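Good morning, and thank you for the time. I would ask you to keep the sequence and the model in view while I go through the charged residues and a few backbone details.

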Amino acid sequence: MSEVSENLSEIQDAITAACARCGRARDSVQLIAVSKTFAAEAVKEAVEAGQRVFGESKLQEAEAKIAVLPDSLEWHFIGRVQRNKVRKLLGRFSVIHGIDSFKLASYADGVARELGLFPKVFLQVNVGGEESKGGFEPEQLDDEMEALLSLERLGIQGLMCIPPAGPDPESARPWFAALRNLRDKLELDHDVGLPALSMGMSGDFEVAIEEGATHVRVGSAIFGQRSYRVDGELG
Ligand SMILES: *Cc1c(COP(=O)(O)O)cnc(C)c1O
């Protein structure tokens, strides 16, 4: 077995165990293998081990990999969304995790209409109120939810967050719980279903699952340490 496939099977086991601990169905959690900075070869190893869903945070880098990998894979964009890249992103990715303002959402909705697409998206929430991170402020999202829901092309799956860095996995728990609570409030206030929560990375995906994550974004625990920073937020 390659190292990637060994790592993948460990992560899959850990996801199964986390689901069992909190009485959740295993198929309620999807693993997104974050392949940013890693070569197409590494992605191929993961594909051979049965992984189908991948996350990338840079358009150009992703395009080069998508071009040489099987068409059957599902690509999620997890990076910061730049307006001038929206058109290409919508064409390449089936899910966009970083919709972080009404302005961007409304623009993406218009582009999707032109392209004849109905993209799946997550609304990113800046749960820690950090200057350095993008995302809706929680109260702002409540205020803007009706307007967001009126965008007919965007399939809003739920919420996404990147919590403030902490010393251990447990330190992320309150932020994950905050995202889930915000989701519950939005569902009640706006009479809408927001079933998906994209939260949890290599260091804390098990805690995220215990707090309700439906999509965990795991990179280095599968592919190894990244050798350079990619987006100024996370490396
Ligand atoms: C890089 C990245 C991840 C994966 O991080 P790891 O710690 O390597 O698992 C998850 N989410 C986002 C938004 C990222 O940029």
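Asp109 has a relative accessibility of 7% and therefore counts as buried; buried here means under 20% relative accessible area, exposed over 50%, and partly exposed in between, with a 1.4 Å probe and protein chains only. This is a predicted model, in which local features need pLDDT of at least 70 and side-chain atom pairs count only at pLDDT 80 or more, while totals for chains, interfaces and linings use all residues. Residues are numbered from 1 along each chain as its sequence is written, and side-chain values use heavy atoms, with hydrogens and water left out.

Asp109 lies in helix 5; helices (H or I, at least four residues) and strands (E, at least two) are DSSP runs, numbered from the N terminus. Which residues touch Asp109, leaving aside its neighbours within four places in sequence? They are Leu151, Glu152, Arg153 and Leu154, where contact means heavy atoms within 4.5 Å. As for Ser198, 89 residues separate it from Asp109 in sequence, and the C-alpha to C-alpha distance is 21 Å.

One of those contacts, Glu152, brings me to the salt bridges. Side chains of opposite charge can pair when their charged atoms come close. A salt bridge is defined here as a side-chain nitrogen of Lys or Arg within 4 Å of a carboxyl oxygen of Asp or Glu. How many salt bridges does the structure hold? There are 16, and I shall take three of them in turn.

In one of them, Glu152 is paired with Arg113 through their side chains, at 3.8 Å from N to O. This pair links distant parts of the chain, 39 residues apart: Arg113 belongs to helix 5 (residues 102–115), and Glu152 to the loop between helix 6 (138–149) and strand 6 (155–160). Arg113 is partly exposed at 43% relative accessible area, and Glu152 is exposed at 62%.

Next, Lys185 and Asp142 form a salt bridge whose closest N and O atoms are 2.8 Å apart. Because Lys185 lies in helix 7 (residues 173–190) and Asp142 in helix 6, the pair ties together parts that are 43 residues apart in sequence. Is each partner buried or partly exposed? Lys185 is partly exposed, at 43% relative accessibility, whereas Asp142 is buried, with a relative accessible area of 18%.

In the third example, the side chains of Glu210 and Arg173 meet at 2.7 Å, N to O. Glu210 is in helix 8 (residues 205–210) and Arg173 in helix 7, so this salt bridge ties together parts that are 37 residues apart in sequence. Both partners are partly exposed, Glu210 with a relative accessible area of 26% and Arg173 with 22%. Glu210 and Arg173 also belong to a network of salt bridges that links them with Arg21, Glu170, Arg180 and Glu211.

I turn now to an acid without such a partner. Asp204 sits in the loop between strand 7 (196–198) and helix 8. Although buried, Asp204 has no salt bridge, and the nearest side chain of opposite charge, that of Arg217, is 7.3 Å away; Lys and Arg count as positive and Asp and Glu as negative, with His and the chain ends not counted. Beyond its neighbours within four places in sequence, Asp204 is in contact with Pro169, Ala172 and Phe176.

On the surface, Glu3, Glu6, Glu10, Asp13, Glu45 and Glu48 gather in a patch of negative charge. Such patches are made of residues with over 30% relative accessible area and no salt bridge, like charges being joined within 9 Å and nonpolar side chains (Val, Leu, Ile, Met, Phe, Trp, Tyr) within 5 Å. Two elements give two or more residues to the negative patch, helix 1 (3–21) and helix 2 (40–48). Which helix gives the most? Helix 1 does, with four residues. Glu6 is found in helix 1, and Glu6 is partly exposed at 37% relative accessible area.

Finally, two backbone details. Thr37 is not a glycine, yet has a positive phi of about 75°. Thr37 is placed in the loop between strand 1 (30–34) and helix 2, and is buried at 17% relative accessible area. Asp191, also not a glycine, has a positive phi of about 50°. Asp191 is in the loop between helix 7 and strand 7, and counts as exposed at 73% relative accessibility.

Notes. Accessible areas come from the Shrake-Rupley method with a 1.4 Å probe; for residues, only the protein chains shown count as cover. The place of a charge is taken as NZ of Lys, CZ of Arg, CG of Asp or CD of Glu.
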